[in-house]
Structures are given as structure tokens and as C-alpha cells.
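Reader: Could you take me through one part of this model up close? I'd like to look at the central sheet, one strand at a time, and at whatever sits against it.

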Amino acid sequence: MSQDDEIIEMMRCPIDGTKIITKWRCENGHEFKETNGILDFLTENVESHELLERVAPIYESLWAPLGLSLTAGTSYSSLMSLAASSMGERHLDVGTGTGKLFDYGKCRVCVGLDVSLRFLNYLRKRRPNVIAVRADARRLPFKDSSFDSASSLFVIHMLDDPSLAIQEIHRVLKDKGRAVLTVMTDNNAIDKILSRWWGLSLRSYDYYLGVLTRYFEVDKARKMGAWSYFEVVKS
Ligand SMILES: [Zn+2]
């Protein structure tokens, strides 16, 4: 099977959940665009974080590493290596940004998903082996059990209801599939400053642990400064 056929086979309509039968139309005739190699399955206008949009050009070289080492007490690259070490053959990165995670691990079918066209354009230029999909994390355009592994780093705490993204990641993972999640939680004073700056209402470490336990077996869970790290397995 060519990689094109394989990805068509893995996808489904984010509106009605039916099969994608051709590039890029579902059984019920919903059509999706492919622009500059980006598969655009966004069905409504989801605002990507305005501040993140503005930092896109410097995001991966400066913003993310600096922000993380200041707020997590660990280096960006050691965290990325850790997160990428559980990559399986088919990997989905939700909120992939510029797709930097894919530099740290190996996958055969590597899918980076984001709402931001700006980030996805960077991803396509720098990492043409990564399949760029524009879609809503709360409505993933993939069939059940289509990935061996998944990740979502520094993203889902920005959603109004992070549990929706967690449910979707669970749905698209195969049994025994592994997911790595990092989220900002209200652990300390740094969070309070950051959340005010970003205009976010943060949830607690225990909130995420509770939601994750509903769907997954939790393998690793720990607080990391302003962040929390979870590694979970679909049981
Ligand atoms: Zn449809």
C-alpha cells in the first residue's frame, strides 16, 4: 500500500465519522482541502492561540526551549527525547506546532496535527516526511485504533475541556498504544503568572490524573515545575 492509500485508509470524516473514499471526500460528500501539502480537515474556525501564532517563526529555536527550561526545570531536548522514546510505527502528535518532536524519534507513518496553518507550513518546509493535518484536537479525523502511539505536548491545557482531546487520543490509539501528554497545571506560583499572561484557567495535576485514569492505564505521572508529565497506555 502506498503511504497515500494508507493515510486515506486511516482517516475519517470529522463531521460524520464516515470513511474518506478519495482525496479528500467522505462517503457523505463532505469535502476537505489539501493546500501546500497540508490536509485541511478543520470544519469550523478554531482560534489558535494568538500569542503562539506570533511566536511561530522563533517558536522551536527559542521560545519553547527557553520557556520550558525556565518553567519546568528540565531541558527542552531531554523532555522531547523522553516523549519521543515511546513513538511507535504510526505516530500522531496532537498540537504538533512545527513538528519538532519528530526530530527526536522514529516512526514510519508520522502525523503532525495542529489548527495553525502558519505552524503547519513551517512543518512542511522543515520536515517533509511528516504528514501535516489541520484539524481540531476534539474531533480527530482518524478512525478508531489507527495509531500505535500518540503525543500532545504543551497544548491541551489551552482547551476549554481538555478531556475531549484525551478521549479522542484514546479512541484513535490501538490497544496497548502509548500516549505522552504534558500539560500546564496549577502546581506553583510560576503557573499563576503564566496562566494570567496566557489568559488560561489552569486545571490541577489531580484533574488530569482523574481523566486519564478513566481511559488509560497510567504508567508515569509526575509534576515538572509548572508542568505535569503523563505517560499512559490504552488498556
Ligand atoms: Zn462527512
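Author: Here is a walk through the sheet, starting from one strand and working outwards.

First, a word on trust: this is a predicted model, with a mean pLDDT of 88 for the chain and 88% of its residues at 70 or more. Confidence peaks in strand E5 (residues 90-94), at 98, which makes E5 a handy place to begin. At the other end of the scale is helix H2 (residues 50-55), with a mean of 57.

The sheet itself is open, with nine strands in the order E3-E4-E7-E6-E5-E8-E9-E11-E10 and mixed pairing. Its edges are strand E3 (33-35) and E10, each of which pairs on one side only. From one strand to the next, the twist averages 20°.

Now zoom in on E5. In a regular strand, side chains alternate between the two faces of the sheet. Here Arg 90, Leu 92 and Val 94 are on one side, His 91 and Asp 93 are on the other, and all are buried, leaving both faces of E5 covered. Five of the five residues of E5 are buried, so the strand is largely enclosed by the rest of the structure.

What flanks E5? Strand E6 (residues 109-114) runs parallel to E5 and is joined to it by five bridges. Strand E8 (residues 147-153) is also parallel to E5, through three bridges. Asp 93 is a nice residue to click on, as its bridge partner in E6 is Gly 112, while in E8 it is Ser 151.

Just past the strand, have a look at Thr 96, in the loop between E5 and E6. Thr 96 counts as buried because it has 27 C-beta neighbours inside 10 Å, where 20 are enough. Its C-alpha atom is 5.7 Å from that of Asp 114, although 18 residues separate the two along the chain. Leaving aside neighbours within four places in sequence, Thr 96 is in contact with Leu 101, Gly 112, Leu 113, Asp 114 and Leu 123. Gly 112 turns up again there, having already appeared as the partner of Asp 93.

Moving out from E8, you reach E9, which pairs with E8 in the parallel sense over six bridges. Leu 153 stands opposite Thr 182 in E9. Further along, strand E10 (residues 216-224) and strand E11 (residues 227-234) pair in the antiparallel sense over eight bridges. Lys 223 has Ser 228 in E11 as its bridge partner. The hairpin of E10 and E11 has two residues between the strands, and Gly 225 takes a positive phi near 60° there.

Then come the helices. Helix H6 (residues 162-172) lies across E5, E8, E9, E10 and E11, and runs at about 155° to E9.

Finally, the core. Nonpolar side chains tend to be buried together in soluble globular proteins. The largest nonpolar core of this model has 60 residues, and those with the most contacts inside it are Val 94, Val 133 and Ile 169. Strand E9 (residues 173-184) gives the largest share, six residues. Val 94 is one of the buried residues of E5 we met earlier. As for Val 133, it touches Leu 39, Phe 41, Val 111, Leu 113 and Pro 141, not counting residues up to four places away in sequence. Leu 113 is also among the contacts of Thr 96, which brings us back to the loop after E5.

Conventions
Residues are numbered from 1 along each chain as its sequence is written. This is a predicted model: local features need pLDDT of at least 70, side-chain atom pairs count only at pLDDT 80 or more; totals for chains, interfaces and linings use all residues. pLDDT is the predictor's confidence in each residue, from 0 to 100. Helices (H or I, at least four residues) and strands (E, at least two) are DSSP runs, numbered from the N terminus. A nonpolar core is a set of buried Ala, Val, Leu, Ile, Met, Phe, Trp, Tyr and Cys residues joined through C-beta atoms within 7 Å. A residue is buried if 20 or more other C-beta atoms lie within 10 Å of its own, exposed if 12 or fewer, and partly exposed in between; C-beta atoms are placed from the backbone. Two residues are in contact if their C-beta atoms, placed from the backbone, lie within 7 Å. Two strands pair if DSSP finds at least two bridges between them. Axes are lines fitted to C-alpha atoms, for helices over the stretch in contact, and angles run from 0 to 180 degrees between N-to-C directions.
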